[in-house]
Amino acid sequence: MLAGIATLIQMGALAWLVDQAVSSQAALGEVSVGIVTIVVAIVVRSLAQWGQEVCGQECGLRVKQQVRARLLARLQQLGPVRLASRHSAGLASQLVDQVESLEGYYSRFLPQMVLAALIPLIYLIVVFWLNWLAAIWLLIAAPLIPLFMALIGMGAQRLNEAQFQAVTRLSGHFLDRVRGITTLQLFGLAERSVEEVSEVAHDYRRRSLKTLRVAFLSSAVLEFFAAVSVAVVAIYIGLGLLGYIQYGPAEQLDLFSGLFILLLAPEFFQPLRTLSQHYHDRASALGAAEGLVTLLEPDVDDPDVDDPGADEANVVADDERPDKAESDVAELVPGAVRLVTVELRHAGRERILGPLSIRVDAGEVLAFIGPSGSGKSSLLQMIAGFIAPSAGAVQVQRYPAIAWLDQRPLIIQGTLAENLRVVAPCASDEQLRSALRQAGLGQWLASAPAGLDTPLGERGVGLSGGEGQRLALARVFLSPAKLVLLDEPTAALDPETERDVIAGLTRLAASGRTLIIATHHPAIMAMADRVYAIEAGRLSRVERPISSREVHS
Amino acid sequence: MKALMALRPWLGVLAERRGRLLLGAMLMLATLLSALGLLSLSGWFITATAVAALSASGYLDVFTPGSGIRFFAVSRTASRYLERLYNHDTILRLLADLRGRVFAGLVSLDARTLSRARASQWLNRLTADIDTLDNLYLRLMAPPLVALISVVAFAAFAAVFLPIAGLMLFAILLPLGLIATAGCAWWGWRASHRRVDRQERLRVRAIEQVEGLAELSAYQALEAHRELWRREEQSLLGDQRQLGRRTATGNLVVTLGIQLATLAVLLLGLTALREGNVSGPVMVMLALGTLAVSEGLGNLPMAFTQLGATVRTAERLNAQAELKTPMTGTSVKDEPLISSGAAPSLVYQDVDVAHGEQVVFSGLNLSIDPGQRIGIIGASGIGKSTLAQLAVRAFDPEGGHVEFNHQDLAGLAPDSLRARIGYLTQRSELFHDTLAANLRMGDPDASDAELWKVLAQVELKSWAETLPEGLATWVGEQGRQLSGGQARRVALARVMLRNSPLVILDEPLSGLDADTATALKVTLDAWLAGRTALLLGHDRQALPVCDHCWRLVPGVSGGKLV
């Protein structure tokens, strides 16, 4: 805004200077006021522009931060169970890259839109004061521009969507072929698929050119009007100055007003041209926003809102649970679990679990067995609080922590110590070492030159499946959690590491923690105090294959 | 300067299209010159008319400049439109070339390198990196070149009328151009170079948060992990803020420089005007021309503060190309395999293989006679798949050799070797294509009837018949529309269509239910007759009947067969 007014003053002073010099043959000394005005206007204009850019960017950065925070909160709200069906790399790219593409819209397009509405108006008023006929020409040209842009924009919108799909398919195709590269090599198709990849990319090029042809028309229209306006204004002023035009205010034109108008004519269109340059910021932000909004919206198949039957049950559960849970949980020792006539069903479908009731005391070891799909995992997820029961009550003391261990332990990028401290931020190095020893990683630690500072994750040392699992075990030892939920902890391991992990589990049980394990493994069943089979959603007690847990501890 | 070397291979790719690039740059130049012509000619015209009106004669040829103005108005629009269209076409062509190039590079990688790099995250990064490189020409190469040409041309033009003004334009605009390009690049280098990796780290944290949500929320440790996330986010935002500030400052310097140059030209013109060295219209023309020519400098600071990011992207793509193992380099002299279609023998002799520190095999021996069926069983990760990979020459052993029909594999072209081997890999890799297309990878000439026959052999016929689109059904990305067992059998059917004399099956029955597995064992038993076969599985039950079965067990120095 300030920059716009400064430009105005600069151009006015420039025109006055030239007028003085050419028409009145003024000496350099006589126009020094004009020169100083120009210099000041230039500096103010540049600084104002700087301010606009910096403020716009700050705004863009804040928006990104806020959107990311909301997305993370949404992911947490969705919970691990519903996120399981989504591609984590895809979600991460939404969180990082798509949010990134919002910035241009907020930092450049939006401020520019305000400017594009206001600044031409100011210029128009000045030109009108100088010469109303020229102003009327600008006035005619200016509204035509948004009109044309809107018309063309509508066509481009549809083409843009088609384009967007093409891009998605293109990178999908590329990813697909790269993933299967080994197979392509084995079948001798590598050469052919190289051609295929670039053929598909060329096909995409032809397709997107169709879009671009139309999309660029809009900016060409703008360009055309801007250029023609300058030309028309220049010719009109020139002829007016020569006295060829007798009509209207032409006779009042002098070099000052004429040059001033000419200098303002391109500036009049400049904000609009800048706006159209930022138009793709808007397009990509809209594309990204669509995906982000879908993620932020509540799910359609949200069990809480969908099934009327479940709904009813939920009302009951929700009404009763808080106070009941509170009072009961207060009585519950940490580590103890009570399920009261719990049921679980997916929206609109038959029951998966229940009704079932069970009571687990602190320090007990329970094993659930059953074929895959029987609901073992769902039961654990319910106890952990990842999913809410459709009916009944789950009573668990979830604070300060419960421990969760499945087949894919979380390994964050960072050092070994950082990986452990995620669950116990205040633990001392000695505590970390002791937890690692208890989890069976003592030798591994001794052989790692960097010790606790060994980097893990993508760029660090890769851990084998068994080592990862034992790292997860070390977390359990480290955390204050009294209740440990384990979902098939040994399913992906070979016999030797399996033995190590089971030994770690035995030590866990010996430390007085409650273990609830979904498993197929006979050795784990053997260490359990109670074993239940899940059949058709019901629990039935099974006699243990080998008699007692003492054998192992 | 050394850092820019990372761009070299990619400049090479650009150079292949240099004709198009040059033409595109010419169009850019034409656009800029049209704008220059329009504004300076208009300024000249108006001043000239004013002067003419003041003077007694009052005559001026208005038609020549008038049509000049109209011409520039139209040519600016036309050249701008053409320039954008043409240059985008060029960029898309380049991207197609780049994808092809990178893919060809990946195809020549060996299996071990590939398996290290298969994470889909890595792949997403790869695609994104390629797309980033399009900046190189459209923002970093053509605009500064066009700006340079137009500045030099205009300064020379000005020098014709007023030598001192021309000199001054050189003296101000050339250093300004240098500041806008090299200066901004240097100033934004560290932050933009780092930003690429910081963004990547933020992505990693996001993945951790999604994949580890169960563990983190159970431990009530989400907040602790968020803290890590926030730290990465802050440093990323910090970089971006710094870059934005520096871009804005770069713009500030460029705007100031341009406007002051305009003023300086005007003042020089004024002095000359008083001395009668230059006419009023020309003075105005030069001043307005300076304003117009600077349009070419305006976008440079923004593009060049981001140079570091483009270079970092190129570095990452280069690093991926360097993953290549030397083996592919020798493939030129490899001879094609000469062999009849009869069942061959396969011999491993004193084979040593190590993955980094870890010894997989040391002095391993295994001999499979023509037509013999050997099973290898052992725990996962012990090296069964390595045996198969050696046989298809996915990589060469560190010591000893592998012989196919008494020919050492080390001298054979992998393609001719692989044409004789049907290898079912442990993962069922299906492509986002139709069922028929996936099957025809095994035999491109197979008829529909043959496809149905092989589907019947793997017990998939009745399922395929229930599909509304039959063989034309799309199997989804990585075959996700199919169950694990179905995908396994499609992959097996593909190998069977290959009809090769040597067959390697790695866990052929994994993911199948007991009934289907039993049925397939019978089918495979019949189909394998007359072929040499190497069968790999975690236990005997997981394999069809073998002539002999070895167990691969871990030893002090790598796996041993017992």
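This note goes through some local features of a predicted model.

1. **Lys64(A), setting.** Start with Lys64(A), which lies in helix H2 of chain A, residues 32-83. Its relative accessible area is 0%. Buried means under 20%, so Lys64(A) counts as buried.

2. **Lys64(A), partners.** What does the side chain of Lys64(A) make a polar contact with? The partner is the side chain of Gln240(B), at 2.7 Å. Leaving aside residues up to four places away in sequence, Lys64(A) touches Val99(A), Glu100(A) and Glu103(A) in chain A. From chain B, it touches Glu233(B), Leu237(B) and Gln240(B). Gln240(B) thus appears both as a polar partner and in the list of touching residues.

3. **The sheet in chain A.** Three strands form an open sheet here, in the order E2-E1-E4. The pairing is antiparallel. Strands E2 (351-360) and E4 (391-396) are the edges, each pairing on one side only. On average, neighbouring strands are turned by 20 degrees against each other, direction ignored.

4. **E1 against E2.** Strand E1 of chain A covers residues 337-345. Six bridges join E1(A) to E2(A), and the two run antiparallel. To check the register, look at Val342(A): its bridge partner in E2(A) is Leu356(A).

5. **A helix across the sheet.** Helix H11 of chain A, residues 376-384, lies across E1, E2 and E4 of chain A. H11 runs at about 125 degrees to E1(A).

6. **Aromatic pairs.** How many aromatic pairs does the structure hold over all chains? There are eight. One of them joins Phe157(B) and Phe161(B). Their ring centres are 5.3 Å apart, with 75 degrees between the planes. Planes over 60 degrees apart count as edge-to-face, so this pair is edge-to-face.

7. **Where that pair sits.** Phe157(B) and Phe161(B) both lie in helix H6 of chain B, residues 135-161. They are four residues apart, about one turn of the helix. Buried or exposed? Phe157(B) is partly exposed, at 38% relative accessibility. Phe161(B) is also partly exposed, with a relative accessible area of 34%.

8. **An aromatic cluster in chain A.** Tyr105(A), Tyr106(A) and Phe109(A) form one aromatic cluster.

9. **Arginines over rings.** Chain B offers two cases to inspect. Arg20(B) lies over the face of Tyr86(B), at 4.3 Å from the ring centre. Arg531(B) lies over the face of Trp527(B), at 4.2 Å from the ring centre.

Conventions
Residues are numbered from 1 along each chain as its sequence is written. Chains are lettered from A and ligands numbered from 1 in the order in which they are written. This is a predicted model: local features need pLDDT of at least 70, side-chain atom pairs count only at pLDDT 80 or more; totals for chains, interfaces and linings use all residues. Side-chain values use heavy atoms; hydrogens and water are left out. Rings of Phe, Tyr and Trp (its six-membered ring) pair if their centres lie within 6.5 Å; planes under 30 degrees apart count as stacked, over 60 as edge-to-face and the rest as tilted. Buried means under 20% relative accessible area, exposed over 50%, partly exposed in between (1.4 Å probe, protein chains only). A charge sits over a ring if NZ of Lys or CZ of Arg is within 6 Å of the ring centre and within 35 degrees of the ring normal. Two strands pair if DSSP finds at least two bridges between them. Axes are lines fitted to C-alpha atoms, for helices over the stretch in contact, and angles run from 0 to 180 degrees between N-to-C directions. Contact means heavy atoms within 4.5 Å. A polar contact is a pair of N or O atoms within 3.5 Å; within protein, one must be able to donate a hydrogen and the other to accept it, and residues adjacent in sequence count only if both atoms are side-chain atoms.
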